[in-house]
Amino acid sequence: IDNQLSHRGAARSVIAMAAMLAHEVKNPLSGIRGAAQLLEESVVEEDRLLTRLICDETDRIVALVDRMEVFADRRPVQKAAINIHSVLEHVRRIAQNGFARHIRFVERYDPSLPPVLGNRDQLIQVLLNLVKNAAEACPEQGGEIVLSTAYQHGVRLAVAGSDSRVHLPLLVSVQDNGDGIPEDIQANLFDPFVTTKLNGTGLGLALVAKIVGDHGGVIEFESVPRRTVFKVSLPMAADSGALVEGA
Ligand code: ADP
Ligand code: MG
């Protein structure tokens, strides 16, 4: 447990450092981009390829930095009672019209699930990241993603960073039939920059963990070949509302 705690502390300072770096790196980057754009107008035709390259590559860094900056954002987000099924539907539609065209989706929803107190945009980001990872893990042929929701009666989970166990009755899970999560990264899976992909950022799951934590929820995973599942447990809006009002 000690090891886990100090590990969490280390992850936190890595996040803080990444956020600071992200912030500091943006000004010089926009300087570089602006200069390259000016150069583009005065250089000879065959050198324009190079100035274009500078612009495109700076844009790539800026996009990466924008994602890192999300971690720095300490402003409280607006929350409302959200129907998680409408979030799942939205995410499935984005996936099936884009990166997951070739994948079969199976939906197992508990229609009586009560709403969660959350931020719709952030919950979309959580599920989109999980579905994207699932799609990237799926085999080329016969890829399948199972989206499910369930009400967990009486399940109490420990929330990271506190001794208290709270009732997190809303279970949302994303399952795929890929090869599974490599053993050697499982312990650090939610840390930033952990990736096994050639063009991966390793920021997806770190962002997911941050948002789930900000929602007072817990994320867990189980992984064996042909069955990897990420389970997000969230408080229901009715409970959170009572907490807020009682405070
Ligand atoms: P990225 O997708 O950019 O690599 P993530 O934080 O989203 O970053 O994921 C980190 C790593 O976790 C991935 O590179 C992959 O190795 C592993 N991973 C995440 N989800 C899955 C999954 N569903 N199946 C197998 N491996 C996964
Ligand atoms: Mg990812």
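The largest cavity in this predicted model has a volume of about 40 Å³, and the count of cavities of 30 Å³ or more comes to one. Ligand 1, for its part, sits in the second largest pocket, where about 820 Å³ of space lies. The points below take the cavity, then the pocket, and then the surroundings of the ligand.

**The largest cavity**

- The lining of the largest cavity is made up of Ile84, Leu123, Val126, Leu127, Val172, Val232 and Leu234, and the elements that contribute two or more residues to this lining are H4 and E9.
- Helix H4 provides the largest share of the cavity lining, namely three residues.
- When the lining residues of the largest cavity are sorted by class, seven are nonpolar, while no polar and no charged residues appear among them.

**The second largest pocket**

- The second largest pocket, with its volume of about 820 Å³, is lined by 32 residues, of which Asn133, Glu136, Thr195, Thr196 and Lys197 are the closest to its centre.
- Two or more residues of this pocket lining come from each of the elements H4, H5 and E9, and the largest share, seven residues, belongs to H4.
- By class, the lining of the second largest pocket comprises 13 nonpolar, twelve polar and seven charged residues.

**The shell around ligand 1**

- There are 20 residues around ligand 1, and those that come nearest are Asn133, Asp176, Thr195, Thr196 and Lys197.
- At least two residues of the shell are supplied by each of helix H4 (120-137), helix H5 (204-214) and strand E9 (227-234), with H4 giving the most, three residues.
- The shell around ligand 1 consists of nine nonpolar, nine polar and two charged residues.

**Polar contacts and burial of ligand 1**

- Thr196, which is among the residues that come nearest to ligand 1, has an N or O atom in its side chain that is 2.5 Å from an oxygen atom of the ligand.
- Thr201 approaches through its backbone, where an N or O atom lies 2.9 Å from an oxygen atom of ligand 1.
- Gly204 likewise takes part through its backbone, with a polar atom there 3.4 Å from an oxygen atom of ligand 1.
- Taken alone, ligand 1 exposes 540 Å², and the protein buries 93% of that area.

**Elements and residues that recur**

- Helix H4 gives the largest share of the lining of the largest cavity, the largest share of the lining of the second largest pocket, and the most residues to the shell around ligand 1.
- Strand E9 gives two or more residues to the cavity lining and two or more to the pocket lining, and it supplies at least two residues of the ligand shell.
- Asn133, Thr195, Thr196 and Lys197 are listed among the residues closest to the centre of the second largest pocket and also among those that come nearest to ligand 1.

Methods: Residues are numbered from 1 along each chain as its sequence is written. Chains are lettered from A and ligands numbered from 1 in the order in which they are written. This is a predicted model: local features need pLDDT of at least 70, side-chain atom pairs count only at pLDDT 80 or more; totals for chains, interfaces and linings use all residues. Side-chain values use heavy atoms; hydrogens and water are left out. A residue is near a molecule or strand if one of its heavy atoms lies within 4 Å of it. A polar contact is a pair of N or O atoms within 3.5 Å; within protein, one must be able to donate a hydrogen and the other to accept it, and residues adjacent in sequence count only if both atoms are side-chain atoms. Accessible areas come from the Shrake-Rupley method with a 1.4 Å probe; for residues, only the protein chains shown count as cover. On a 1 Å grid over the protein atoms alone, a cavity is a set of points where a 1.4 Å probe fits but cannot get out, and a pocket is an open set with protein on both sides within 12 Å along at least five of seven lines; lining residues have an atom within 4 Å of a point. A molecule sits in a cavity or pocket if more than half of its atoms lie within 2 Å of its grid points. Helices (H or I, at least four residues) and strands (E, at least two) are DSSP runs, numbered from the N terminus. Ala, Val, Leu, Ile, Met, Phe, Trp, Tyr, Cys and Pro count as nonpolar, Asp, Glu, Lys and Arg as charged, and the others, Gly among them, as polar. Grid points are joined across faces, edges and corners, and a volume is the space filled by probe spheres set on the points.
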